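Colleague: I should like to go through the terms applied to this model and the reasoning behind each of them. Please show the structure before we begin.

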Amino acid sequence: MAEMIIPYPQLQKILERTCELAVIKPRAEEMMEIVEKKLSDLFEVAYENAKAERSSTIKMRHIPITKGFRNSLNLFRAVIEDEKVQIEPIRKYVLKKIPGDIPLEEDVVNELPIIAGTLFVLVGRVIKALHPEIKNVYPEHIEEAGKVLDYTL
């Protein structure tokens with residue numbers, strides 16, 4: 001069982017509001033595995049970008065955030081305040097998961113909870129894009145979303 005970045009009841013509401021999807025806890029845990037992998041992938045690239053630039057810290061510009069990702073960031077930001085999501089526990093959890101030995105700039109540390117939460121929204125949005133008619137998420141939907149995100153993030 002995966003430890004959840006965002007408490008399940010809040011995540012459930014966030015995915016309902018941002019993606020119009022109903023997610024039971026075991027499916028949320030499967031999504032969590034993708035989120036952790038994609039978070040690791042993002043920071044692996046950020047680390048490579050910082051190294052190539054000979055930067056002593058990882059800056060926001062090193063993280064490969066696309067326009068679509070930014071749109072989902074804004075969507076996630078819009079709902080977390082309403083859902084009263086506690087940011088600090090997310091930040092602490094994510095800081096333990098990030099690979100690399102270059103320190104993060106303060107603005108990156110501050111954005112970690114938003115980036116991590118947005119990855120859940122991205123998984124949900126990919127599922128909804130592939131299956132606009134569904135309401136309930138099944139393992140095969142999560143597997144498909146994971147493959148799409150492997151190709152795109």
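Colleague: What makes the pair Glu105 and Lys59 a salt bridge?

Modeller: In this predicted model, the side chains of Glu105 and Lys59 come to 3.2 Å, N to O. The cut-off is 4 Å between a Lys or Arg side-chain nitrogen and an Asp or Glu carboxyl oxygen, so the pair qualifies. Glu105 belongs to the loop between α4 and α5 and Lys59 to the loop between α2 and α3, so the salt bridge ties together parts 46 residues apart in sequence.

Colleague: Why is Lys59 called buried, and why is Glu105 called partly exposed?

Modeller: Lys59 has a relative accessible area of 17%, and buried means under 20%. Glu105 stands at 27%, in between the 20% and 50% limits, so the term is partly exposed.

Colleague: How do you know that Glu36 and Lys97 form a salt bridge?

Modeller: Their N to O distance is 3.8 Å, which is within 4 Å, so the criterion is met. Glu36 lies in helix α2 and Lys97 in helix α4, so this pair links parts 61 residues apart in sequence. Glu36, at 26% relative accessible area, is partly exposed, and Lys97, at 41%, is partly exposed.

Colleague: Where do Arg27 and Glu30 lie, and how far apart are their closest N and O atoms?

Modeller: Both residues are in helix α2, three residues apart, about one turn of the helix. Residues three or four places apart point the same way, because an α-helix has 3.6 residues a turn. The closest N and O atoms of Arg27 and Glu30 are 2.9 Å apart, and the two form a salt bridge. Arg27 is buried at 15%, whereas Glu30 is partly exposed at 24%.

Colleague: How many salt bridges does the structure hold, and which residues do shared partners join into one network?

Modeller: The structure holds 14 salt bridges. Lys37, Lys38, Asp41 and Asp150 are joined into one network.

Colleague: Why is α5 described as largely enclosed?

Modeller: Of its 25 residues, 19 are buried, so the rest of the structure largely encloses α5. The largest nonpolar core has 51 residues, and α5 gives the largest share of this core, twelve residues.

Colleague: What is the bend of α5 at Leu112, and what does the helix reach from its first C-alpha to its last?

Modeller: The bend at Leu112 is about 40°, and a proline, Pro113, follows within four residues. Helix α5 covers residues 106-130 and reaches 36 Å, close to the 36 Å expected.

Definitions and conventions: Residues are numbered from 1 along each chain as its sequence is written. This is a predicted model: local features need pLDDT of at least 70, side-chain atom pairs count only at pLDDT 80 or more; totals for chains, interfaces and linings use all residues. Side-chain values use heavy atoms; hydrogens and water are left out. Helices (H or I, at least four residues) and strands (E, at least two) are DSSP runs, numbered from the N terminus. The expected span of a helix is 1.5 Å times one less than its number of residues. The bend at a residue is the angle between axes fitted to the seven residues ending there and the seven starting there. Buried means under 20% relative accessible area, exposed over 50%, partly exposed in between (1.4 Å probe, protein chains only). A nonpolar core is a set of buried Ala, Val, Leu, Ile, Met, Phe, Trp, Tyr and Cys residues joined through side-chain atoms within 4.5 Å.
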